[in-house]
Amino acid sequence: MGMSSAAHRSSNHHKIMKAIGKCPEIREIKKTRKGWIFFATNGSTFNYHPTAKAPRKLTSFLRQNTKMSEQLIRKICSV
């Protein structure tokens, strides 16, 4: 049996969602069929779909659109 049928680790994504929810620069989080959409206060959006590459893309989004410290961003996205 290959890894393709394995579920994503929901605990890691729960940690990400909890941290993003506390960020004042993220004004809204909408649930979609396959993930979430983050709305930043500056008008930017990020479609988060839990995959292996998602934390790297999320890191870039957080650096550009929030005032989170680099240490906090690394902690969130190193799941």
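The following paragraphs describe the fold of this chain, beginning with its overall composition and ending with a pair of helices. The model is a predicted one.

The chain contains three helices and three strands, and their order from the N terminus is α-β-β-β-α-α. Of its 79 residues, 37% count as buried. The accessible surface amounts to about 5,800 Å², and carbon and sulfur atoms contribute 51% of that area. Among contacts with a separation of 6 or more, 24% join residues that lie 24 or more positions apart.

Strand 2, residues 36–40, pairs with strand 3 in the antiparallel sense over four bridges. Within this pairing, Phe-38 has Phe-46 of strand 3 as its bridge partner. Four residues lie between the two strands of the hairpin, in which Gly-43 adopts a positive phi near 100°. Strand 3, residues 45–48, shows an alternation of its side chains. Phe-46 and Tyr-48 point to one face and are buried, whereas Thr-45 and Asn-47 point to the other and are not buried.

The last two helices form the next part of the picture. Two packed helices are described by the angle between their axes and the distance between the axes. For helix 2 (residues 54–65) and helix 3 (residues 70–77), the axes come within 9 Å and cross at roughly 155°. Because angles over 145 degrees count as roughly antiparallel, helix 2 is roughly antiparallel to helix 3. The crossing of helix 2 past helix 3 is right-handed. On the helix 2 side, the residues in contact are Pro-55, Leu-58, Thr-59, Leu-62 and Arg-63; helix 3 meets them with Glu-70, Ile-73 and Cys-77.

Definitions and conventions. Residues are numbered from 1 along each chain as its sequence is written. This is a predicted model: local features need pLDDT of at least 70, side-chain atom pairs count only at pLDDT 80 or more; totals for chains, interfaces and linings use all residues. Side-chain values use heavy atoms; hydrogens and water are left out. Buried means under 20% relative accessible area, exposed over 50%, partly exposed in between (1.4 Å probe, protein chains only). Contact means heavy atoms within 4.5 Å. Accessible areas come from the Shrake-Rupley method with a 1.4 Å probe; for residues, only the protein chains shown count as cover. Two strands pair if DSSP finds at least two bridges between them. Axes are lines fitted to C-alpha atoms, for helices over the stretch in contact, and angles run from 0 to 180 degrees between N-to-C directions. Angles under 35 degrees count as roughly parallel, over 145 as roughly antiparallel, 65 to 115 as roughly perpendicular and the rest as oblique. A crossing is left-handed if the near helix is turned anticlockwise from the far one by less than a right angle, and right-handed if clockwise.
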